[in-house]
Amino acid sequence: MALFTPNLSFKTATFNSSLFILPATRHQRLRLNRCSRSLKLRASVAVESPSTSATEHVGSPELLLEVKDLSAVISESKQPILKGVNLTVREGEVHAVMGKNGSGKSTFVKVLVGHPDYEITGGSVTYKGQDLLEMEPEERAVAGLFMSFQSPVEIPGVSNIDFLNMAYNSRRRKLGQPELGPIEFYGYIAPKLELVNMKVDLLNRNVNEGFSGGEKKRNEILQLAVLGADLAMLDEIDSGLDVDALCDVAKAVNGLRTSKNSVLMITHYLRLLEFITPTYIHIMENGRIVKTGDISIAKVLEKEGYKAISDA
C-alpha cells in the first residue's frame, strides 16, 4: 500500500512464515515454466524496444536513488536495525534485496518511505537530486516513491474504489492537476484491473477486508498501476501466492516497467527473480548489504543457502 495519505494510520503485520509459497506440483511447475517464458519475452521486448532504449537514453541512465551509510533504529526501543546501508539505483534498473529474516530488508524500504516506527541515526539518501530524509511521507509519494507491504492491512468502512480515487486525486492536487470524478476515475482504472487480472467486484469491497492473500497482493499492484511510480519498492510481493497469482503479479509489474522507472524488491525466492529479471541482487546481513551480484547469487542460495554466500 502506498504511503501517501497522512490521515490514514496503519500497522504492518509481523512476519508469518506460513505465507511463503509452497513447493509446486508438476502441473504448477509446467505452468510456471510457461509463464516464465512469456514474461521474459515480454520484458525483452519492453527493454529492447527502440522507443525505450535508443531514443530515450543517450549515455548512462540517470541516477535515481543514492543511499550512503544509512543507519536507523526502532523509534521506541532504539534497537539498531540498519547499520550502514549503501545502494545506488539508476533509471530502468531492477534491484532485488535478499537475506535471512531479521537482516533489515523490510526496515530498509520502510525507512525510505518515511515509516514512523523507525528513526534515522546516520547517513544520507538522495532521490532525484533531493534530500529524501527531509521530505514528509506524502511528499515522497508525490515525488514518485511507492511501497507495497508484505502484509497489506485492512481498512474497514472504506471502499477500495473510493480509497484509490481519493489517493489518485490527492496526488493530482499536489501536482496541480484537475481531480477525476467517480465516472472519469472508473474509466481510468478499468484497464488497470485487466492488467492485474483482478475482479471488478473487489472495487466495491472495503480495502483488503476479506481479501485472500493473492487478492491483497493484486490490490497492491493495482495501487501501483493507478498511482504510478518512479521507484516501486515491493516487500515480498510473492509471499502467499500460488503459481497463477505470482504469474499475474509479475506480468503486471513487468507491464508497468519503462526505461525511466525502477523497481526495488525484497524476496526470499529465486522463483520471483525468474519472472522479474533483476539488474542486481544484493544480500543483506546484520543491517548491511554485504554482497552484490547478478542472478547467479540467487541460484547459489536456492541450492546451498546463505552459508554458501557467507563463505564465498
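This is a guided tour of the predicted model shown above, giving at each stop what to select and what is found there.

Residues are numbered from 1 along each chain as its sequence is written, and because the model is predicted, local features need pLDDT of at least 70 and side-chain atom pairs count only at pLDDT 80 or more, while totals for chains, interfaces and linings use all residues. Side-chain values use heavy atoms, with hydrogens and water left out.

**The whole chain**

Begin with the whole chain in a cartoon view, where there are 10 helices and 12 strands; helices (H or I, at least four residues) and strands (E, at least two) are DSSP runs, numbered from the N terminus. Of its 312 residues, 50% count as buried, where buried means under 20% relative accessible area, exposed means over 50%, and partly exposed lies in between, with a 1.4 Å probe and protein chains only. Switching to a surface view, the accessible surface of the chain comes to about 14,700 Å², and 50% of it belongs to carbon and sulfur atoms; these areas come from the Shrake-Rupley method with a 1.4 Å probe, and for residues only the protein chains shown count as cover. Among contacts (heavy atoms within 4.5 Å) between residues at least 6 apart in sequence, 74% join residues at least 24 apart.

**Helix α6 and L224**

Next select residues 213-227, which make up helix α6. This helix has 15 residues and reaches 21 Å from its first C-alpha to its last, close to the 21 Å expected at 1.5 Å a residue, the expected span being 1.5 Å times one less than the number of residues. Since 13 of its 15 residues are buried, α6 is largely enclosed by the rest of the structure. Just beyond the helix, select G228, which follows α6 and has a positive phi, near 75°.

Within α6, show the side chain of L224, which counts as buried because its relative accessibility is 7%. Not counting residues up to four places away in sequence, L224 touches F146, A229, A232, L234 and L256. One of these partners, L234, is 10 residues from L224 in sequence, with the two C-alpha atoms 9.9 Å apart in space.

**The nonpolar cores**

L234 leads on to the largest nonpolar core, which has 50 residues and in which I221, L222, L234 and M265 have the most contacts. A nonpolar core is a set of buried Ala, Val, Leu, Ile, Met, Phe, Trp, Tyr and Cys residues joined through side-chain atoms within 4.5 Å. Helix α7 gives the most to this core, with 6 residues. Apart from this core lies another, of 31 residues, and L70, V85, Y127 and F149 are among them. Then centre the view on M265, which, leaving aside its neighbours within four places in sequence, is in contact with V94, H95, A96, V97, L234, L272, L273 and I276.

**Salt bridges**

The structure holds 6 salt bridges, each being a side-chain nitrogen of Lys or Arg within 4 Å of a carboxyl oxygen of Asp or Glu. Return to α6 for one of them by selecting R218 and D248, whose closest N and O atoms are 2.4 Å apart. This pair links distant parts of the chain, with R218 in helix α6 and D248 in helix α7 (residues 243-256), 30 residues apart. R218 is buried, with a relative accessible area of 14%, and D248 also counts as buried, at 12% relative accessibility.

For another pair, select E179 and R173, which form a salt bridge with the closest N and O atoms 3.1 Å apart. Here E179 is partly exposed at 42% relative accessibility, and R173 is partly exposed with a relative accessible area of 46%.

**Helix α2**

Now select residues 105-113, helix α2, which is mostly covered, as 9 of its 9 residues are buried. The buried residues of α2 include the charged-type names K105 and K110. Just after α2, G114 takes a positive phi of about 90°.

**Strand β1 and I74**

Finish at strand β1 (residues 63-74), where I74 is found. I74 counts as partly exposed, at 26% relative accessibility. Leaving aside its neighbours within four places in sequence, I74 is in contact with Q79, I81, D117 and Y118. Of these partners, Y118 is 44 residues from I74 in sequence, while their C-alpha atoms are 4.6 Å apart in space.
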